[in-house]
Structure formats: C-alpha cells, structure tokens
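Ready to poke around a protein model? Work through the exercises below, and try each one yourself before you read its solution.

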Amino acid sequence: MKQHSNQYYIARVIIISAFVAIFVSWVGIFAYKSIYTELPEDFILFATDFLLAYAVIYAVMVGFIILISFTRYQKFSDIISQELSCLGDMLDFTEYLSRQDASKEQIKDGVKSYGISVANDEWSAMKNGQAHQIATHHLKKLTDSINSIDITNNKNAIIFELFVNKVANLTTLRAARLEEAKNSFPKLLTITLYIVSVIFTLGIFLMFVPNIFVQTLFLSTSVFTTSLIIQLVSDIGNPYRSGVWHISKTDYESIKTSIVTQISDVGENKKT
C-alpha cells in the first residue's frame, strides 16, 4: 500500500514539474521572439558570464538546503525509532522478572496501551507539539506498573533499574518527538530556495544561445530540474506531509503491531 502511494507521489511530482517546464518554456518562446532579439549584445554576454558564476552559488545553496532538510528528516526518524526501541526493550525485560507474573502482565499491557495511544491519539495532536492526555495517562500507567515490581529479589532489582532507565529515556524521547513535530521547516530557507531558483532560471533565459530551439531545451530542462529540487526539499523538510520521505502513522503502527504480536507469542510460549 505504501509502495503504491510512493509511486503515485513520484508520478505526481514528475507530472507537475513537466507542466511547469512546458508552461515556462512556452512563455519563454514568446519572450524570446519579442524581447531577446532587442537586448544589447553586451548585456547578453554579461548575463551569460553571470549565469556561469551564479550556477556555482545556486548549486551550493541547493546542496545546503537539501542537507538541512535531510538532517531534519533523519532526526525525526531517529527519535521515533529510539522511542519504539525503548518499548520493545521493556517488553523483552519482562521475561527476566522472577515470580512477578502480575507485574509482567501489567507492564506488557502498559507497553501495548502506550504504543496504541501514540499511534491512534497522539499522532495527530503532536503535529502542533501537543501531548495527548490519553497517551500521558498510559505512560503514567506504564510507570506505575514498573513500580509494582518486587525488588527484594536481587535479579528483579537489577531489572527494575533497567526499567527505570528505559522509562526515563521514553519520557525524554517523547518530549523530543513532540518538540520536533512542532518545529516546521524554516520558511526563510524555503523563500531563499524560490528566489535563487527564479534568478537561475532567468539567467538561463538570458544566456546567449542563438538558436531558439536550443534555448527552449535549456530553459525547459533547468525549470524541470529546479521544480523537482523544490518539491524534493518540501518533501524531506516536512516529514508529516504525504510523500516519499514521510514519517507516517503507518510506520508507527507497523511496529506497534509487532509489539502486540510479541505479546501474543510470549503468551503462547508460556502455555506450551
């Protein structure tokens, strides 16, 4: 399902970029006929030299913006992966508790409930950096279930310390997830990308090429590439929007499902 969605998004991006390139090239042909032939030759030569220098600046700026976008995406992905890893580790730790069947079930239920509440309740609210009360309730419930462990047993005392560390990490990662979700991609970078792209496209148009068809080919190719770059940055820099570089609820639910499956498998193994 996700693969089909990605293919649809890629096709849409390519079609949009192609239409933008065709439209700009069509406008460029008319502008070429009415304006380009009337421009002074010195100005055209200057524009060509300017384009060569500006192309380097444009490449550096685009590379910098893409790097920031990818870093933002990667940070989101790492935080969520670490949070889900904490839940999985806590589920595994329950198997090392000695004579704590009631606490085991409470912790397993707490892990499952918290994972489900994040996916179903907090996921939509966290886009505004807000914690959901239901998820907060289940996190507290998970913490309370850990406090029910009998630490008079030395083995259980060691496991208890591991649980405490995981809960502390889980709370920190949750706060980081909410904070990162609230911070949108810097608008100044988006505006900068649009400005440098427009200037670069104008430079391509004013570049000295005596053949109108070659000029149109250069212009359409540059506009098509620029449009792809803009949409790529928008996709990577905003992980909660639909797209290929997308951290979605489905990604969280897939791991949530595996946690529920682990709980079921543990129960079946215990019976056998």
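**Exercise 1.** Find out how the side chains of Glu 83 and Arg 177 meet, and where the two residues lie.

*Solution.* Start with the side chains: Glu 83 and Arg 177 meet in a salt bridge, 2.7 Å from N to O. That term means a side-chain nitrogen of Lys or Arg within 4 Å of a carboxyl oxygen of Asp or Glu. Next, place the partners: Glu 83 sits in helix H2 and Arg 177 in helix H5, so the pair ties together parts that are 94 residues apart in sequence. Helices here are DSSP runs (H or I, at least four residues), numbered from the N terminus. Last, check the surroundings: Glu 83 and Arg 177 are both buried. Buried means under 20% relative accessible area, exposed means over 50%, and partly exposed is in between (1.4 Å probe, protein chains only).

Before you go on, a word on the numbers. This is a predicted model, so local features need pLDDT of at least 70 and side-chain atom pairs count only at pLDDT 80 or more, while totals for chains, interfaces and linings use all residues. Residues are numbered from 1 along each chain as its sequence is written, and side-chain values use heavy atoms, with hydrogens and water left out.

**Exercise 2.** Track down which other salt bridge Arg 177 makes with Glu 122, and which network the residues belong to.

*Solution.* First, look at Glu 122: its side chain meets that of Arg 177 in a salt bridge, at 2.9 Å from N to O. Glu 122 belongs to helix H3 (residues 101-125) and Arg 177 to helix H5, so this pair ties together parts 55 residues apart in sequence. Glu 122 is buried, just as Arg 177 is. Now zoom out: salt bridges link Glu 83, Glu 122, Arg 174 and Arg 177 in a network. Searching the whole structure turns up eight salt bridges.

**Exercise 3.** Asp 89 and Lys 166 meet in a salt bridge; work out whether each residue is buried or partly exposed.

*Solution.* Begin with the distance, which is 2.8 Å from N to O. The pair links distant parts of the chain, with Asp 89 in helix H2 and Lys 166 in helix H5, 77 residues apart. Then compare with the cut-offs: Asp 89 has a relative accessible area of 24%, so partly exposed is the right label. Lys 166 comes in at 19%, so Lys 166 counts as buried.

**Exercise 4.** List the aromatic pairs in the whole structure and describe how their rings sit.

*Solution.* The search finds two of them. One is Tyr 58 with Phe 200, stacked, at 4.6 Å centre to centre and 0° between the planes. Rings of Phe, Tyr and Trp (its six-membered ring) pair if their centres lie within 6.5 Å; planes under 30 degrees apart are stacked, over 60 edge-to-face, and the rest tilted. Tyr 58 is in helix H2 (residues 41-93) and Phe 200 in helix H6 (residues 187-206), so the pair ties together parts 142 residues apart in sequence. Tyr 58 is buried because its relative accessibility is 7%, and Phe 200 is buried at 14%. Next come Phe 93 and Phe 163, an edge-to-face pair with 5.7 Å centre to centre and 85° between the planes. This pair also links distant parts of the chain: Phe 93 in helix H2 and Phe 163 in helix H5 (residues 154-182), 70 residues apart. Phe 93 and Phe 163 are buried.
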